[in-house]
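Please open the model in a viewer and keep the selection panel at hand. The stops below proceed from the whole chain to its cores, its enclosed and open spaces, and a few individual residues.

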Amino acid sequence: MDVRRQIEVSGIVQGVGFRPYVYRLATDRRLRGNIRNTPAGVTIEIQGPPETVQNFVEHLPAEAPPLARITSFVVREVACNADADFRIVHSRTGEAVRTLISPDVAICPDCLRELFDPADRRYHYPFINCTNCGPRFTIVRDIPYDRPSTSMAVFPMCPACQTEYEDPLNRRFHAQPNACWECGPRVELWDRSGRKISCRDPIAEAASGLHAGLVVAVKGLGGFHLAVDATNRAAVALLRERKRRVEKPFAIMVPDLAAAQDICEVDSAARVALESVQRPIVLLPKKSSCSIPEEVAPFNRYFGLFLPYTPLHYLLLREGGFKALVMTSGNLSEEPIAIDNHEAIRRLSGLVDYFLVHNREILLRCDDSVVRVADGITRQLRRSRGFVPVPVFLKNEQPSVLAVGGELKNTICLTKGSHAFLSQHIGDLENAESYSFFNEAIEHLKRILEIQATIIAYDLHPDYFSTRWALQQSGAQLVGVQHHHAHIASCMAENHLEGKVIGFALDGTGYGTDGLVWGGEVLIADYEDFERAAHFEYVPLPGGAAAIREPWRMAVSYLAHHFGRDFLKLDVPFVQGLEAHKTDLLLRMIEQKVNSPLTSSCGRLFDAAAALIGIRQQVNYEAQAAIELEMALSSSENNDGYPLDLRPDGDRWIIGTQPLFEAIVGDLRRDIAVGEISRRFHNGLVDVFVRLAGLLRDKSGLNRVCLSGGTFHNVYLSQHLESQLTDAGFEVFTHHEVPAGDGGLSLGQALVAAAAVKHSRS
Ligand SMILES: [Zn+2]
Ligand SMILES: [Zn+2]
Ligand SMILES: [Zn+2]
């Protein structure tokens, strides 16, 4: 007696080879029925002998294609019918709308093999792909995800490609970007003014330019890269000069894992991250004996490495015979990455010698993602290409919220049901180009995700571009969310927490409810509300933004705050090296409270320490001083930390920094090594935070701690704080899916705003 089952599968199951996979699974077992796309995913009906049907149901989720992500799987009994075979039923128009769009995926092993197989019809074809790999998110114009709604619409398939596309047993069945030499996009080499250079093999020609020390703009998946030979010191210097990027590290692409291992320490977790289909840039410890010049990532113990992810990259690196190429975003300083050929000519022609372009349009820019692996755990520093638009899966259904993020490292977030869709990295909203990208990203995501937000969440900072944008919108309920509350809510959301937690929100800057510059905040929070349970003591931020660019100002501010003008008599190198005139001006600014808002920022405390111990007086990129302070850490086992005090102020605690600065000054006078001072500084913070968490637990009974904010990109601080809190019996929650820094802020904003609206309605 046959049985028939209906199986509803939701998640990322369209455009990833799921239907052919199910077709094979069914036909191999001689089962009958069908599979069709539905708004939520796919529905399968399967009929045959009970044991065989059972076997099918058990294998189905376990062996799903690599890019599929099943979020729900429901089986029910239905009546048998007269089906004679198993069929793929074609979707009616509009059916595919509510399924999840896949992110862009690195070339798969099968396509890579074909790419370098002289007998294959796609030998050396730079756009080879299949249902298991290739572009998705960056070529989607609209939904449903079908060839006519992508930038492949202008390339009609040749008969050979069409046959593959229609054959359920072929790896290219319904692979929307399917193409070949015959019918698909082509690569060209252009000179810096956009004139085509006629040559037999543009990729080989670009490679010889790179070998000659030139800068080549390479069109990739989510935008242009600027490439130079990473082993050529002069070429790296030339790129720095042209891109006006003084010291910020460049990412390097290496041809394979072995090349990565020549340059950096690669442990097993790092290897998994490097080889993952998302192909993020992975920060890895430099090997002392590597062939990459220091100029690629000065004053840094790490290189950002990644493996090729498009066939074009593989051709360029392997056929060009490169050990490593610098591949940095195709933009000028902090502007968004260029994506369009003519836009690239306009914006990048002063920076490069050649353009390696192609005629497959990139519809949505998407920068490379950046992760850091420590203790076997991968953490996001920039969540973008390869991860977007996979949602963060939430514990509960939410109303539709658009959260517009912060000012720096901006991302936006749209929620729908129990999914939170974070955008790709949009960047710093300080220039007109980024601001228009911000607008574009909102419109595009709303369209392809079909979300009409009823609530808009924004940061309380009145001058943020994102805030001003939000306040101009009508037709939705507007909810302002405090910056550090959003950080903690973001950590809670990805860890599916409910109720109150103790939250450490540590970062550089966030607008406080008292109008001051917060940044070293300990909150008792749930989604709805928060109480500021503790913070670093306030000190002046002399010159506002100038104090962020010039850490020496923060060192002077702290010293003057704790020692008065007497600090000028201290016999430590930092004080002796101060320019009398500039220092006097700064002190008068502080004393007269001119352009010196008060701050409790943790980032600025790191800056002050870095300047005081002689690591960095001025920064060339965000958080440089704090990063270099971490890089300076000695490898000793010493767990001693500098003292910080905790004093009550009403019903909150103030974290006092006077004993910390007294101790640093003492160690400087004793000529203690910089690495050791850095270590004691980090340990001191860990100690005081653990003590504080204990006091808050005693008072509130709460035992769960969330760690969020950009300061937690500091691996030493994160690891030591997490392990010591765990030893003290706390349940500790950190970020894995979204960045701890402002790149993850929009997720928290969305959840806080949704909770606020729910509360106001109840
Ligand atoms: Zn493939
Ligand atoms: Zn073709
Ligand atoms: Zn922040």
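**The whole chain**

Begin with a cartoon representation of the protein chain, which has 23 helices and 29 strands. The chain is as compact as a globular protein of its length, because its radius of gyration is 28 Å, close to the 27 Å that the globule rule gives for 762 residues. The coordinates belong to a predicted model. Aligned along the principal axes, the C-alpha atoms fill a box of roughly 90 × 65 × 50 Å.

Next, colour the chain by relative accessibility: 61% of the 762 residues count as buried. A contact map of the chain may be displayed alongside. Among contacts between residues at least 6 apart in sequence, 71% join residues at least 24 apart.

**The nonpolar cores**

Select Phe504, Phe574, Ile664 and Phe681, the residues with the most contacts inside the largest nonpolar core, which has 71 residues. Then add helix α21, residues 674–700; this helix gives the most to the core, with 10 residues.

Centre the view on Phe681. Which residues is Phe681 in contact with, leaving aside its neighbours within four places in sequence? They are Leu605, Phe606, Ala609, Leu629, Tyr642, Leu660 and Ile664. Of these, Ile664 is also one of the residues with the most contacts inside the core.

Another core, of 58 residues, lies apart from the largest one. To locate this other core, select Val9, Val140, Cys366 and Leu445, which are among its members.

**The cavities**

Now turn to the enclosed space. Rolling a probe the size of a water molecule over the atoms shows where empty space is left. The structure holds four cavities of 30 Å³ or more, and the largest cavity has a volume of about 130 Å³.

Select Pro126, Leu221, Thr310, Pro311 and Arg360, which lie nearest the centre of the largest cavity among its 18 lining residues. Coloured by class, the lining of the largest cavity divides into 11 nonpolar, five polar and two charged residues.

**The second largest pocket**

Proceed to the second largest pocket, where about 500 Å³ of space lies. Its lining comprises 25 residues; Arg69, Val277, Gln278, Gly386 and Phe387 are those nearest its centre. Two elements give two or more residues to this lining, namely α8 (268–275) and β15 (377–382). Highlight α8, from which the largest share of the lining comes, at three residues. By class, the lining of the second largest pocket has 14 nonpolar, seven polar and four charged residues.

**A cis peptide and a strand residue**

Move along the chain to Pro389, found in the loop between β15 and β16. Is the peptide bond from Val388 to Pro389 cis or trans? The bond is cis, with omega near 10 degrees.

Continue to strand β16, residues 392–398, where Gln398 is found. Gln398 counts as buried because its relative accessible area is 13%, under the 20% cut-off. Show the surroundings of Gln398: not counting residues up to four places away in sequence, it touches Thr415, Gly417, Leu751, Ala754 and Lys758.

**Two residues with positive phi**

Select Lys409, in the loop between β17 (401–403) and β18 (413–422). Phi of Lys409 is near 50 degrees, a positive value in a residue other than glycine. Lys409 counts as partly exposed, at 33% relative accessibility.

For the other case, select Asn595, placed in the loop between α17 (580–591) and β25 (598–599). Phi of Asn595 is likewise positive, near 45 degrees, in a residue other than glycine. With a relative accessible area of 47%, Asn595 is partly exposed.

**Tyr458 and its neighbours**

For the final stop, select Tyr458 in strand β19, residues 455–459. Is Tyr458 buried or exposed? Tyr458 is buried, with a relative accessible area of 14%.

Display the contacts of Tyr458, leaving aside its neighbours within four places in sequence: the partners are Val404, Thr467, Ala470, Leu471, Leu478, Val479, Gly480, Val481 and Gln749. To finish, draw a distance from the C-alpha atom of Tyr458 to that of Glu579. These residues are 121 apart along the chain, and their C-alpha atoms are separated by 41 Å.

Technical notes
Residues numbered from 1 in each chain as written. Chains lettered and ligands numbered in written order. Predicted model: local features only at pLDDT ≥ 70, side-chain atom pairs only at ≥ 80, totals over all residues. Heavy atoms only, no water. 1 Å grid on protein atoms, 1.4 Å probe; cavity = no way out; pocket = protein on both sides within 12 Å on 5 of 7 lines; lining within 4 Å. Points joined across faces, edges and corners; volume = space filled by probe spheres on them. Helix = DSSP H or I, 4+ residues; strand = E, 2+ residues; numbered from the N terminus. Nonpolar A, V, L, I, M, F, W, Y, C, P; charged D, E, K, R; others polar. Core = buried A, V, L, I, M, F, W, Y, C linked by side-chain atoms within 4.5 Å. Buried < 20%, exposed > 50% of the residue type's maximum accessible area, 1.4 Å probe, protein only. Contact = heavy atoms within 4.5 Å. Rg over C-alpha atoms; globule rule 2.2 N^0.38 Å.
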